Amino acid sequence: MVSGADNDVILIKRIKQGDTQAFRLIVEKYKDVSLTLAYSILRDREDAEDVLQDAFLRLYKSIDKFRFDSRFSTWLYRIVVNTTLNAKEKKKNNLNPGENLEIVCEDKGGYELLIDDERTYFITKALMQVKTEEALLLRLYYLCDLSIREISAVTDLTETNIKVTLHRGRKSMLEALEKITGRDLKSLL
Amino acid sequence: MTENEIKELFNKNVVRTSDEFTDTLMRKVEHQKKAKEKYSFSIVAFSVICLVFLPLIFRLLLADNIIPFEINVSPILICVVGSIAAFVLLYRLTILRAALKPE
């Protein structure tokens, strides 16, 4: 049986040979998790989707630079995080004087309309109350299943810094969840 | 809450892309691929023309004494190297232009 990582290697080799259908398979596999990462940083679903398009295009253009010396997912998430941080920086610079960044990052309600599940709504709300860096690291660790070392490769943060931020983020998220739901967290599972 | 339970929470909280996300992206990728192929063909054609005609022009320049100094290197070799350099330079420039060009 071919594992997920081995399957990625086969697909990347096909993309390098010019097979765009293999690229479509990679996009289908990673698009939702990547969008969740971009959303952690931008906190706006439409902006996150636009940035993700750019990130996948960057990945396609630079696929020849991938040398298989790390997991493909680590390399992809690094591109997604860097592209999103650059977009956020650009957006910050384009703000009118006096405009508050917090307003831009605020939950706009449009996203809420898309949520049909109460549990997902509570978790999203809780993560909105956690610092951007903490939410990003929590998602890289729990959702993307990256090790501390791999997160360090994605974010350029030191391993000690990541451990501390993860600990703080976990605590903040659970506190926020308890406040929002006002009930036992196990009921969310 | 255990680590596995937190992991489960995160896995149930994934933001989904819109339905047309992949198709839009694939259109952009196909456009990029075609642009690259088109430019690559143009550059190869231009380089071949350079390779054929540059030695003739160079010989004419030498014959008419327009170039006022002696060159010990074969004109053919100069033209071959010149054509390769032109190819690399043009390739880089046009790929860059294709990448910057909006869809």
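Me: How far apart are the closest N and O atoms in the salt bridge that Glu28(A) forms with Lys31(A)?
Reply: Happily, helix 2 (residues 20–42) of chain A holds both partners, and they are separated by about one helical turn because they lie 3 residues apart. Helices here are DSSP runs of H or I with at least four residues, numbered from the N terminus. A salt bridge puts a side-chain nitrogen of Lys or Arg within 4 Å of a carboxyl oxygen of Asp or Glu, and for this pair the separation is 3.4 Å.

Me: What pLDDT do local features need in this predicted model?
Reply: Residues are numbered from 1 along each chain as its sequence is written, chains are lettered from A and ligands numbered from 1 in the order written, and side-chain values use heavy atoms, leaving out hydrogens and water. In this predicted model, totals for chains, interfaces and linings use all residues, side-chain atom pairs count only at pLDDT 80 or more, and local features need at least 70.

Me: Is Lys31(A) buried or exposed?
Reply: Buried means under 20% relative accessible area and exposed over 50%, with partly exposed in between (1.4 Å probe, protein chains only). Glu28(A), at 37%, is partly exposed. Lys31(A) has a relative accessibility of 10%, so the label is buried.

Me: At which residue does helix 2 of chain A bend?
Reply: The end C-alpha atoms of this helix of 23 residues are only 29 Å apart, where a straight one would reach 33 Å; the expected span is 1.5 Å times one less than the number of residues. A bend is the angle between axes fitted to the seven residues ending at a residue and the seven starting there. That angle is about 50 degrees at Lys31(A).

Me: Which residue's backbone nitrogen does a side-chain oxygen of Asp19(A) reach at the start of helix 2 of chain A?
Reply: Asp19(A) also has a salt bridge with Arg14(A), at 2.8 Å from N to O. With 24% relative accessibility, Asp19(A) is partly exposed. At the helix start, an oxygen of the Asp19(A) side chain comes within 2.9 Å of the backbone nitrogen of Gln21(A).

Me: Which residue of chain B meets Arg170(A) in a salt bridge?
Reply: Arg170(A) belongs to helix 10 (residues 159–181) of chain A and its partner to helix 1 (residues 3–11) of chain B, so the pair joins two chains. At 3.5 Å from N to O, the partner of Arg170(A) is Glu3(B).

Technical notes
Polar contact = N/O pair within 3.5 Å; in protein donor to acceptor, adjacent residues only side chain to side chain.
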